[in-house]
Amino acid sequence: MADQSLYAKLTSTAKDFVLALSPKEPGGNQSDDERFHSHIAPHYTHSWGHKFFVGTSPGVQGSVDGPEFLSRMNRLAGKMQTWNIEITETCVDVEKKSAALKADFYMTIAGHEPVLNEIVWWLKMDGSGEKVVDSCEYIDPVASSHMIEQMKGPYSHFRVGCSILLANGTIVQGGNVENAAYPVTTCAERVAMATAVVQKGDIRAVAVATDISPPASPCGMCRQFLREFCELDMPIFMFDKDGKSTVMTLEQLLPMSFGPESLLSTEDIQHGLRQ
């Protein structure tokens, strides 16, 4: 009877812990911090499993305490429209006071269909079985990668990808990285080009892809940025949502352009100062 009572308590604690990660209000995107804190022990720690996901995501390596875990949850919540949690399987070990749960997290980014992220939780409870001491989260890496792709345009919901071909065959890629302070946002072309410049690559072609049709061309700022490092006859391929493309040279996109050669040389400047 005692084991059955403890089993029921451990099961309830484990389920309540996972469901405490639900939005504070249905359809909202704010975490219920108070509800979460009510299910964890003072010395609670959280870590992540799945070597592939952890190995490719530095932000989820190591372990964190309750406040840090909630801080990460709140940052993630701010990028989503809402999410919903459904527990599908539960397995409890009374002797070890632990539980394993499988839960479906339906995570919605504004402007996109929900992404199903199947997450497995391993939980360790305290002696009373009422508080979670340790948790380990095994994330679906494919679903998480898909969701991260959707988050790249969290404010404009306008996704752009850029690939740059270097002379040695290397392809450098970039995506638009948006910021709550809108002017700080960096376009995909500049993200990719900055990497190519750091690699000291000989740039041969640029490709830009968007989710619209007809395809979008690089903005004025990006055209000028490309002008700094590319030849005027370099081709720029612009792809639409269906994979159809239009190609133009940099000079066609930025006629009568201003470049490094337009500036006075150091010698000219020094000569002018002497006169």
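What is the relative accessibility of Lys9? Lys9 comes out at 33%, so Lys9 counts as partly exposed (buried is under 20% relative accessible area, exposed over 50%, partly exposed in between; 1.4 Å probe, protein chains only). This is a predicted model, in which local features need pLDDT of at least 70 and side-chain atom pairs count only at pLDDT 80 or more, while totals for chains, interfaces and linings use all residues. Residues are numbered from 1 along each chain as its sequence is written, and side-chain values use heavy atoms, with hydrogens and water left out.

**View 1. Lys9 and Glu130 form a salt bridge.** The N to O distance between the two side chains is 3.6 Å (a salt bridge is a side-chain nitrogen of Lys or Arg within 4 Å of a carboxyl oxygen of Asp or Glu). Lys9 sits in helix α1 (residues 2-19), and Glu130 in the loop between β5 (115-125) and β6, so the pair ties together parts that are 121 residues apart in sequence. Helices (H or I, at least four residues) and strands (E, at least two) are DSSP runs, numbered from the N terminus. Glu130 has 43% relative accessibility and is partly exposed. Side chains of opposite charge can pair when their charged atoms come close.

**View 2. Glu261 pairs with Arg227 in a salt bridge.** Here the N to O distance is 2.3 Å. Glu261 belongs to the loop between α8 and α9 (266-274), and Arg227 to helix α7, so the contact ties together parts that are 34 residues apart in sequence. What is the relative accessible area of Glu261? The value is 56%, so Glu261 is exposed. Arg227, at 6% relative accessibility, is buried.

**View 3. Other charged groups: Arg204 with Asp202, and a network of Glu68, Arg72 and Arg75.** The side chains of Arg204 and Asp202 meet in a salt bridge of 3.1 Å, N to O. Arg204 is partly exposed at 47% relative accessibility. Asp202 is partly exposed too, with a relative accessible area of 44%. Salt bridges link Glu68, Arg72 and Arg75 in a network. The structure holds 5 salt bridges.

**View 4. Helix α7 has buried residues on one side.** In this helix (residues 220-229), Cys222, Arg223, Leu226 and Arg227 are buried. They cover an arc of only 145° around the axis, so they fall on the same side of α7 (the arc is that of the directions from the helix axis to the C-beta atoms). The buried residues of α7 pack against α6 (188-198), β9 (203-210), β10 (235-239) and α8 (250-253). Contact means heavy atoms within 4.5 Å.

**View 5. Helix α6 packs against strands and α7.** Which residues of α6 are buried? They are Ala188, Glu189, Arg190, Ala192, Met193 and Ala196. Their partners are β7 (160-166), β8 (171-175), β9 and α7. Just after α6, Lys200 takes a positive phi of about 55°.

**View 6. The cysteines form no disulfide.** How many disulfides does a search of the whole structure find? The count is 0 (a disulfide is a pair of cysteine sulfur atoms within 2.5 Å). For Cys162, the closest cysteine sulfur is in Cys222, at 8.1 Å, too far for a bond. Cys162 is buried, with 2% relative accessibility. Cys91 is exposed, at 52%.

**View 7. Val120, Trp122 and Tyr138 make a nonpolar surface patch.** Together they have about 270 Å² of accessible area. Such areas come from the Shrake-Rupley method with a 1.4 Å probe; for residues, only the protein chains shown count as cover. Patches are made of residues with over 30% relative accessible area and no salt bridge; like charges are joined within 9 Å, nonpolar side chains (Val, Leu, Ile, Met, Phe, Trp, Tyr) within 5 Å. Tyr138 lies in strand β6 (residues 132-138). With a relative accessible area of 37%, Tyr138 is partly exposed.

**View 8. Two strand residues, Thr108 in β4 and His43 in β1.** Strand β4 spans residues 98-108. Is Thr108 buried or exposed? At 13% relative accessibility, Thr108 counts as buried. Leaving out residues up to four places away in sequence, Thr108 touches Met80, Gln81, Thr82 and Pro114. Strand β1 covers residues 40-48. His43 is exposed, with a relative accessible area of 54%. Its C-alpha is 6.6 Å from that of Val133, although His43 and Val133 are 90 residues apart in sequence.
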